[in-house]
Amino acid sequence: MAKYDFNEAKEQYEALKALGKQVDMTRGRPSEKQFAVGMRMLEGADALDYKYAGGDARNYGDLAGIPAARELFAQLGDYPSARAYVERCDTRL
């Protein structure tokens with residue numbers, strides 16, 4: 001079994017970090033091309049406004065929920081939006 005060298009791993013990490021690449025390793029995020037396939041089904045439903053503050057609501061929003069929804073519920077509950085968490089609603093009860 002090879003011995004792990006923390007310093008070598010750290011150097012490799014720093015070298016990769018210095019490249020300045022933006023990598024999203026999130027699983028299951030569809031591309032714009034994949035979203036485009038289903039957009040025609042939504043045209044008549046006035047559901048084409050899916051962009052928000054640099055995000056895409058079709059792409060699962062943020063981990064804590066779409067910021068506008070978090071802000072709305074924070075106002076209703078009288079607490080900071082940073083404390084709001086909006087989880088998906090499953091209607092298949």
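This is a short tour of one predicted protein model, stop by stop, for use in your viewer.

**Before you start.** Residues are numbered from 1 along each chain as its sequence is written. Local features need pLDDT of at least 70 and side-chain atom pairs count only at pLDDT 80 or more, while totals for chains, interfaces and linings use all residues; side-chain values use heavy atoms, with hydrogens and water left out.

**Whole chain.** Select the protein chain and colour by pLDDT, the predictor's confidence in each residue, from 0 to 100. The mean is 75, and 65% of the residues reach 70 or more. Where pLDDT is low, the predicted coordinates should not be read in detail.

Now switch to cartoon. You should find three helices and two strands, in the order α-α-β-β-α along the sequence. Both kinds of element are DSSP runs numbered from the N terminus: helices are H or I with at least four residues, strands are E with at least two. Strand 1 (residues 51-52) has the lowest mean pLDDT among the elements, at 68, and helix 1 has the highest, at 91.

Turn on the surface: about 8,700 Å² is exposed, and carbon and sulfur atoms supply 55% of that (Shrake-Rupley method, 1.4 Å probe). Of the 93 residues, 15% are buried. Buried means under 20% relative accessible area, exposed over 50%, and partly exposed in between (1.4 Å probe, protein chains only).

**Helix 1.** Select residues 6-18, then show E14 and K10, which sit four residues apart, about one turn of the helix. Their side chains form a salt bridge at 3.3 Å, N to O; the term asks for a side-chain nitrogen of Lys or Arg within 4 Å of a carboxyl oxygen of Asp or Glu. One salt bridge is found in the whole structure. E14 is partly exposed at 32% relative accessible area, and K10 is partly exposed at 38%.

**Helix 3, R70.** Move on to R70 in helix 3. With 17% relative accessibility, R70 counts as buried. Follow its side chain to two backbone oxygens: that of S81 at 3.0 Å and that of A84 at 2.8 Å.

**Helix 3, L76.** Stay in helix 3 (residues 67-77) and pick L76, which is exposed at 64% relative accessibility. Add L72, F73 and Y79, and you have a nonpolar surface patch of about 400 Å² made by these residues with L76. Patch members have over 30% relative accessible area and no salt bridge; like charges are joined within 9 Å and nonpolar side chains (Val, Leu, Ile, Met, Phe, Trp, Tyr) within 5 Å.

Note on methods: Polar contact = N/O pair within 3.5 Å; in protein donor to acceptor, adjacent residues only side chain to side chain.
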